[in-house]
Amino acid sequence: MQFNKFKLSAVALAMAGFPIAANAALYSVDRVDNASTSQSAAATAISPNGGKVAVEVLSGPVGLNYSQELPYMADVEHFINSYNDLDSYCFNYLGYNTCDTWANEQWYGIKASGEVCDSEDYDANICTGGLNKEIDAWHAGYTSNSVATLDGSQVNPFGSGVSGTTLTNPNTDSTNVVVNAVTDSGEAMGASSSPYFDEGSYNARAFVRRGFSGSTELLPPSSATGVIPQIGQTNANGSIDANGTTIVFGSASTHNMAEPNNSNKAPEDSGLSDLNSCSSSVDYSNRACQYYQFANQASVWLLGATDANNARVIAGFPNGATGNTDDTAQASVRAAALVGADTAPTMVGFSTYDDSDFYARAVKFTPTADFDACFATLKLDSSAGTCWGMSLIPGIEIRQNGDIIYSYTEANDINANNVVVGVAKNYRLNNGAYAENVFVNEGTSTTFLTTAQSSLFFNGYNATAAAINDNNELVGKVDIESSRDRARRQRGYVYLHGSAPNLADFDNTRGWLLDDLTNGATGANAYRIAEAYDIAVNGDIAASAFYCAGGYSSTAHDAKCDGEEALVAVKLTRESGDITPRPYETNTITRSGGGFGVLGLALLGLGGLLRRRK
C-alpha cells in the first residue's frame, strides 16, 4: 500500500460529466480511520459477516512488508537490506526509469510534505518511515510506523512486552502491527514486531515478527531448536473453524537462514561483517540477532489443543530448507475454506521450489484421506505429522519450454466452491511492465484473467487478487493505464467469476472498477477507490481510497482535486441501487515536490504488497 498524499495539477478543466444528485448506488462509502493529515490508511480486513473492519495507519513507507515471509516474493537470499539492493530490485522486477526515487522512498522514507527523502534529508532527521529507520533503531530508537485498529480500538498485542526474553523496558509505541483477518466475533489475527526494549546503550527487539490471534502470541514449533524458540518468526493470515477446532493458519520458522556468514546479508551501515554470530545462541546485545532470518514453513495453530500456542508444520520443503549456496526456502498458508460439504479445510498459499534458484510457487494443501484420525492425533501431539498433502496449482509452471516465464506465483484465497485465486509475476517485460497477472483455478483448470473476461485486464496489466467470497466475487486493484517505465495508476476492482449468483446486480457485467459502483452514493464523490483488500460474504469490502475534502471537480474517474488528496481507509457497503458508470476527462498528473505523486497514484511502494487474506 502506498501511503501518503499527493497533488494533482491545477490545470483548469472542462466538466466532462455533470454531478449526479445523491441516489442509491450499488455501494455506499464510509471512512473508517482516524489517521492524521500526514498519515495514510487502508482497511485491510473485514469479517465474513461484514460487521468488523480492521485498519492499518501508516506514517511512512515500510521498506519491507511487515507481514511477508519472502520479501517482494523474490528475495530468497535475504539480500535486500540497503538502498542499492532496493534499486536493483526495482530495475529487475519493476522496470521503472524512476528506480532511484522508488528506492530512496523505501530506504530513507518521506518528509512531512510527502516528498521523497534522500540521504541528506535522512541525516537531517526529517524523514518518516523507510527500512533504514529500522536498521538504525539499534542506536536511535524507533517509533511505530504501522498502527492497527479494529473497530477503532488499537490492536497491539505485544506492546507491553513479550515472554521468554531477558529484555526489559519495552517501548509500547515501537511495534509495527498488521491485521490480516478478522472473525465475526471480533478476533483479530495478523503479525506484529516485538517492541524495542531500551537497554541503555542499545535498543533491541525480541524478534522481527510473530503472529497473533487476539492477545495470544503464536510461537514456532515446540520441536524447534537453537535460536528459533527465542527469535524465530511466525505469521498468522487467518483462521477457520473445522472439526470442532479453530485452526489459525500462516507460517513458522523451522530452520536457520542459508549462509549467515555472507557479508551481503548484513544490513548496510549496521557495522556488521555478517550475521553468523547469532547462528547458535541468542545474545540481545549482539546486533546480528536483530537481523537474523529463517526458513519459514506453512503452519497451523490449533486453538484449545495441546501446545496450542506452538505451530504445527503441515508440509516439508520440496528441495530442502536451504540451497544454491545463499537461498533460504519459504512457505505459507494464505487462505482456507471448507469446500462443498467437506468438514476438513482445503488451504492454499505458496512454497519455494528449486529450479537452479528458489522460486515461490502457488500451492494447494489438500486434506489426507485419513484426515479425521490424523487431526485427532495432531491435536494431542504438535509434532505428530501433517494431515494435508501439498501440490502445485497446475497451468502456471515457472519454467515452460526450457525458459523461466514467471518470477513467482502465489495463491491468495480459496472459497467454498473450490475457486482459487492468485497472481503470477511475469519474468519478462510485457507491454512495458513486468506484469503481475491474476489467475483463477478450479481443480485441474487454471485461467488467467484477460480481455476475454473483462476489459479491465488488458495486455500487460498488473493487478492483485486479494480475496474472493463464496459468491465468486473477487476484489483487488488493477492498472488503469498502460504507461511504460514508471509506476502506473491503479484502482480497486471487483470481478464476478463463473456462476456468480449476483451477476444480475452488476448489470451482467463481470468486471468493474469500484468507482463505477459508488457513483451516486451520498458523499461518494469525495472518494476514488484505490485498492480492495477483502470482501465479506454479503459483498461488503475493506478498501483504501483517495480522499478529496469537499469532493472532486466532477464525478469523472479522473476528475481533479483542487486541494490535496489523502489515502484513507474505507468500508464499501453493498446496497440495492443502480450502476451509473463514471465518465472520463483528460487530466494531467504532476508530481508534488520530490516526485511522490506519480508513485502515490500507483500504490506500489511500502515494502511491496499489502495483500490481506481471510
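This is a short walk through the aromatic pairs, the charges over rings and the disulfides of the structure above. Keep in mind that the model is predicted.

**Stop 1: a stacked pair**

A search of the whole structure turns up 19 aromatic pairs. Start by selecting W138 and Y202 and showing their side chains. Their ring centres lie 4.7 Å apart and the planes meet at 15°, so this pair is stacked. Now colour by secondary structure: W138 belongs to helix α4 (residues 131–140), while Y202 is in the loop between β9 (196–198) and β10 (203–205). The pair therefore ties together parts that are 64 residues apart in sequence. Turn on a surface and check both: W138 is buried, and Y202 is too.

**Stop 2: an edge-to-face pair**

Next, pick F457 and Y493. How are these two rings arranged, with centres 5.6 Å apart? Their planes are at 85°, so the pair counts as edge-to-face. Trace the backbone from each: F457 is in the loop between β28 (445–448) and β29 (467–468), and Y493 is in strand β31 (residues 490–496). That makes this a link between distant parts of the chain, 36 residues apart. On the surface view, F457 is buried, with a relative accessible area of 1%. Y493 is buried as well, at 0% relative accessibility.

**Stop 3: a cluster, then two arginines**

Select Y72, Y89, Y93 and W102 together; the four form one aromatic cluster.

For a charge over a ring, go to F207: R210 lies over its face, 4.6 Å from the ring centre. Then jump to Y552, where the charged end of R528 sits over the ring, at 4.5 Å from its centre.

**Stop 4: the disulfides**

Now select the cysteines. The structure holds 5 disulfides. Count the bonded cysteines along the chain and the pattern reads 1-2, 3-4, 5-6, 7-8, 9-10. Three of these links are worth a zoom.

*C117 and C127.* A disulfide joins this pair, with an S to S distance of 2.2 Å. Follow the chain on either side: C117 is in the loop between α2 (99–108) and α3 (119–123), and C127 is in the loop between α3 and α4, with their positions 10 residues apart in the numbering. The torsion about the S-S bond is -115°, and the link of C117 and C127 is left-handed. Both C117 and C127 are buried.

*C374 and C387.* Here the sulfurs of the disulfide are 2.1 Å apart. Which hand does the link of C374 and C387 have? The torsion about the S-S bond is about -90°, so the disulfide is left-handed. C374 sits in helix α6 (residues 371–380), and C387 in the loop between α6 and β22 (388–392), 13 residues apart. Each of the two, C374 and C387, is buried.

*C548 and C561.* For the last stop, zoom in on this disulfide, where the sulfur atoms are 2.1 Å apart. With 85° about the S-S bond, the link of C548 and C561 is right-handed. C548 lies in strand β34 (residues 541–548) and C561 in the loop between β34 and β35 (564–574), so the disulfide ties together parts that are 13 residues apart in sequence. Switch the surface back on to finish: C548 is buried, and so is C561.

Terms used:
Residues numbered from 1 in each chain as written. Predicted model: local features only at pLDDT ≥ 70, side-chain atom pairs only at ≥ 80, totals over all residues. Heavy atoms only, no water. Phe/Tyr/Trp six-rings, centres within 6.5 Å; stacked < 30°, edge-to-face > 60°. Helix = DSSP H or I, 4+ residues; strand = E, 2+ residues; numbered from the N terminus. Buried < 20%, exposed > 50% of the residue type's maximum accessible area, 1.4 Å probe, protein only. Lys NZ or Arg CZ within 6 Å of the ring centre and 35° of its normal. Disulfide = S-S within 2.5 Å.
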